Amino acid sequence: MVAAAQQAAPTISSLELFNITKRFPGVVANNRVSFEVRAGEVHALLGENGAGKSTLMKIIYGLYQPDDGQILLNGQPVTISSPQDAIARGIGMIHQHFMLVPSLTVAENVALGLKSSRGMRLDLDVVAAKVERLAASYGLRVDPRAEVSRLSVGEQQRVEIIKALYRGADLLVLDEPTAVLTPQEADDLFRMLRQMREEGRALIFISHKLREVLALCDRVTVLRDGRQVGTFPTAGMSRGELARLMVGREIAAPHAEDRAPVPVGPPLLQVRGLSSSAGAGGPALREVSFELSPGEILGLAGVSGNGQRELADVIAGLRPSSAGEISLGGAPLVGGPGERMAAGLSYIPEERMRDGAIMDFSVEENLILRDHTRPPYARGPFLDTARVSTVCRELITRFAVKTPGPQTPIKSLSGGNIQKVIMARELAREPRVLIAAQPTRGVDIGATAYIHRLLLDMRARGGAVLLISEDLDEILALADRIAVIHDGEIAAIMPRAEADPERIGLLMAGASTESLSH
Amino acid sequence: MEQLLTIGTLLGVLHSMIRLATPYLYAAIGETLGQRSGLLNLGVEGMMLMGAYVGFYVVFTTGSLLGGVLAAALAGALLGLMMALVSVTFRAEQGISGIGMYLFGLGLSSLLFKLTLGTVQSVSGFPEVPLPLLGSIPGIGPSLFTHSVMVYAAFALVPLAAYVLNRTTWGLNIRAVGDNPQAADALGVPVAAVRYATATIGGLLAGVGGASLSISALNIFQENLTGGIGFIAVALVYFGGWRPVGVLLGVLLFSFVSALQLWLQVTGVGLPSDLAVMLPYLLTILALAVSNRRAGQPSALTKPFTRGA
Amino acid sequence: MRRTLALIALSLSLLLTACGGAPAAPAAPTAAATEAATAAADAPTAEPTAAAAEAPTAAAATEPFKVAIVMPSGITDLAWSQSMYDALKAIQTEMGGESAMTISYSENMFNVTDAAAAIRDYASSGNKLVIAHGTQYGTSLFEVAADFPETAFAWGTATDAGESAGLKNIFAYNAKAEEGGYINGVIAAMLSKSGTIGVIGPVEAGDAKTYIDGFTAGAMATNPAASVNKIYTGSFGDTAKAAEAASTEIAAGADVLTGSAQQVVGAIGIAKDKGIPWLGTQSDQSSLAPELVVATQVYDWDSTLKDMFAKINAGTYGGTAYNLTLANGGLKIAFNPGYTGVSPEIKAAAEAAIKGISDGTIKALP
């Protein structure tokens, strides 16, 4: 492959965006946004979903052209016409959804699109050697011959970064890079990024995680509703200040009194020795056991793809188990999803667009799904449209769903409001046990706070909640007890009071409890 | 029954297997390249028919075998190009447009057959030539290593296709485009161009596969000459796990059972003929059912590509 | 946009397929008739078309006799469909051409539902006789015939001339394929030096099966030590498989071959390459291998059709079940002068067998 100038001095000294405006039909995604990143700097781009971060990033990478404004590279006006153009200018991008070909090896992924030193024949051995050297210079181990689909998410991210560096990237744009990582993997990533900063590269770090922005970045540009709130040095900033800048108002974080102890009765949901065969993209469950009491939130922490979805699906009756038993309120929980619902179980699935709602249906239709064959929605075989309408209006008000009306197709709502509709439907049934899988993923801060409030309300009412989340902060804020899942097994269960983020992080990464005890 | 177990019978079955395998190999290897790049071409059968007709017609009128093969290749390639236009540029549903392409090839070859030939005619096609050295081995030489050059070329395609897919930059592009076109595009791989190329080559090989019937194996042309070979070839690509060598094994297995059932009938084993003729298809379905066919399926198969989507 | 384009592509192909000879709905039989007339201009069997064009005979003063036919394969299949189509064309020429008799046809109607639609369309567009040239069309034919009592219908291979359903407007026809099969078997057994004879059949049913059974009986009666190896390909039109079956037969020792259905053109090609004599049935197949086709059992529908026409003109629309036999001249054994291996003894044996079957002293089926 044509030698990339990875060891030469960086050629990008600054990238400046000046008054960038980008309009889409009905919305201004970026409205006169200006910011600048310099060599040797980590610059954060902070904002909620829909604030305009992705659009700005796609403009930098040549996927979109701005309607107005200028891009200056090293002080010279440039037009970045395509991703290939961006790569040629030394700009690399680490997408949130990796741009890797899973069936190819690491070396093949790196070689893709580059000229071979042997003409038509591939020179994968040459590429492999360079990849290993490049990885070693950051203290990483990467097997160039491994097939990407067999690598962990963290390893895949490293391949993405190496791929960009191989092509001589001096400026890296990282889109929510820690969303898929364990805390330890995130620490490794930060170490690597700091080294790149020392080498004089420029880094743009896109995130909505305030803690990370403060820990890693030198300056932060905050976006809100497509507009630039401002650019600030992070030194001396607090998380509260940043959150206020990002959201534009105070956000009430759950307070200690919200989690005041609720009298805990005998276990409501009991899971004993539950096993299942491996799912698509997930491991097999192995002898999972836990109990859930009324008035309790059990947080299930783990890196995505370690069996969380399989566990939730098995409990909800969507996936068969191979061994073990589940009981609810002392009675065995068996049968399909319908029977389990009738027994008092509710499930908020992880893939809410696919499993939680029917996107082409209206808000009202989604609200009555599942219960539409029963009163109050049905009278015999007929829908009682008047009652449906009344009840749905009540639910929309009670759960603060922002929608133009009950007949609006649900797909035109924001992620947060779709989730509120699903919560409304599930909680209106007053379940005894709620499984909430990734309930706030991709949801804006305001809706997140509201959803947290709903979960705490359920707990206060004496309901039991299994909260499955990849956001450790969320679990630490809400759970009474914390279970960690790794590779289909429960690694440990501990009371919140004894939980320590570092220990949980190591357990999520697969360290055994014994090795941690000394 | 004793007759079935003789060496002579076995060699006869193997000889038949190799001959029967030839058109399937051309079609299936071409289809493999297309599917690895994410294009499902269900129109192979129609392309084979056009290749069979055009190849036959050129040999019939000019007597040039080479001209016949080239013309068949050109006809197939043109249909492949049309398929690419419809499914890559116009992003049509590939299953539907493939069936359309099949009907188009079937109809056009039948129409041209009526207008130009009118009735079944024959030509003298490719002769059988023994392979140097191998062909002169007593016993197995004449049965296993004496075939027409169209047969040898079909088998030579397998390692060639495997080499191109696994060892060249072009093959890497094909595999990447079939599995994650977004990623390939971001790295400067011309997704549409790669798919146009594989569709055209797939059509070309289907056309030559059709000609391998009309000017090598049968030396006649008749309406619907291929009789479903193109569709079985598509199934064999799945069977072979999208790898040329796997496809070869699938083709050989299918052809072996097809040849075997003919021999079973000749030697009068007493198997009902209705059951015998079902054997190859039953076996294919069975093998498809038990094999882990999802492994290796290109993720972007049948999905049109849009930048930024 | 995508769907529209796919639809356009699809309808375009359908259109072309239709032009290629399988009109899905022959709503305009006149167009089909025109096509037939054009085809006649280059069809080898219909030579004196010029005479037809200039010959306004007595028949031209009245309405032409309108005949329509639905066939399972093509009119050039050198077999079942061609035998009937050629007979119709010959009668048309004899009667004075287009002005005296029109022929509309739908070929390659392997889909019975499409065929049913075609039969109904032909019946409702004023044809005097609608022929459904396949056993598989029987059910549809009976349904349509009940609705058109003033139209005559004919079908075959069949023996039920409407009596089962109480219909008076149905003719049935049946070729006693086993009779010519027996003669071919006699010839094959005398030609074979190895004593092994190969047969390539389509499916084990209908006149293919009776032909092959007759063939076997004739061969075994002539040489009780002969072995007749049969392969059924499972399809009427799979040329490639028929060719491979022929290769297999030859590899297994056969030195004389026969077979039936339109697939056999593949087998005849192999016979030609390997220099193996071939015995044919249904239509004269000597054009494919002029030096190797020994003899063909030819289906001659001429007298059957003429009798039907006469009955229809006299006001009788059905009720007769015709049999093509050697005795009534519906079946003929056509020796191919291009093949030189037929000795006087063979010819004499064949003629003796024809006589025996005609007078009933030989049974073609055991």
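**Interfaces and a strand in a predicted model**

Chain B and chain C bury about 3700 Å² between them, and 60% of that area lies on carbon and sulfur atoms. The model is a predicted one.

Trainee: Why is the link between Glu244(C) and Arg19(B) called a salt bridge?
Mentor: The closest N and O atoms of Glu244(C) and Arg19(B) are 2.8 Å apart. The cut-off is 4 Å between a side-chain nitrogen of Lys or Arg and a carboxyl oxygen of Asp or Glu, so the pair qualifies. The count between chain B and chain C is 2 salt bridges.

Trainee: Which helices of chain B supply at least two residues each to the side that touches chain C?
Mentor: They are H1 (7-36), H4 (94-116), H9 (191-217), H11 (244-266) and H12 (273-290) of chain B. H4(B) gives the most, with 10 residues. By class, that side of chain B has 22 nonpolar, 16 polar and 6 charged residues.

Trainee: How many residues does each chain bring to the contact between chain B and chain C?
Mentor: Chain B brings 44 residues and chain C brings 43 residues.

Trainee: What makes Glu108(A) and Arg175(B) a salt bridge?
Mentor: Their side chains meet at 2.9 Å, N to O. That value is within the 4 Å limit for an Arg nitrogen and a Glu carboxyl oxygen, therefore the term applies. The count between chain A and chain B is 1 salt bridge.

Trainee: Which elements of chain A give two or more residues to the side that touches chain B?
Mentor: Helix H2 (83-88) and helix H3 (106-111) of chain A do. The residues of that side of chain A divide into 13 nonpolar, 6 polar and 4 charged. The area buried between chain A and chain B is about 1900 Å², with 66% from carbon and sulfur atoms.

Trainee: Why is strand S10 (residues 293-299) of chain C called mostly covered?
Mentor: Buried means under 20% relative accessible area, and 6 of the 7 residues of S10(C) are buried, so the description fits.

Trainee: How do you know that S9 (residues 278-282) of chain C and S10(C) pair?
Mentor: Pairing needs at least two bridges, and S9(C) and S10(C) have 5 in the parallel sense, so they pair. Leu279(C) stands opposite Ala295(C) in S10(C).

Trainee: What makes S12 (residues 331-335) of chain C a partner of S10(C) too?
Mentor: 5 bridges join S10(C) to S12(C), set against a requirement of at least two, so S12(C) pairs with S10(C). These two strands run antiparallel. Val298(C) stands opposite Lys332(C) in S12(C).

Notes: Residues are numbered from 1 along each chain as its sequence is written. Chains are lettered from A and ligands numbered from 1 in the order in which they are written. This is a predicted model: local features need pLDDT of at least 70, side-chain atom pairs count only at pLDDT 80 or more; totals for chains, interfaces and linings use all residues. Side-chain values use heavy atoms; hydrogens and water are left out. Buried means under 20% relative accessible area, exposed over 50%, partly exposed in between (1.4 Å probe, protein chains only). Helices (H or I, at least four residues) and strands (E, at least two) are DSSP runs, numbered from the N terminus. Contact means heavy atoms within 4.5 Å. Buried area is the accessible area (1.4 Å probe) that two parts lose on being put together, summed over both. Ala, Val, Leu, Ile, Met, Phe, Trp, Tyr, Cys and Pro count as nonpolar, Asp, Glu, Lys and Arg as charged, and the others, Gly among them, as polar.
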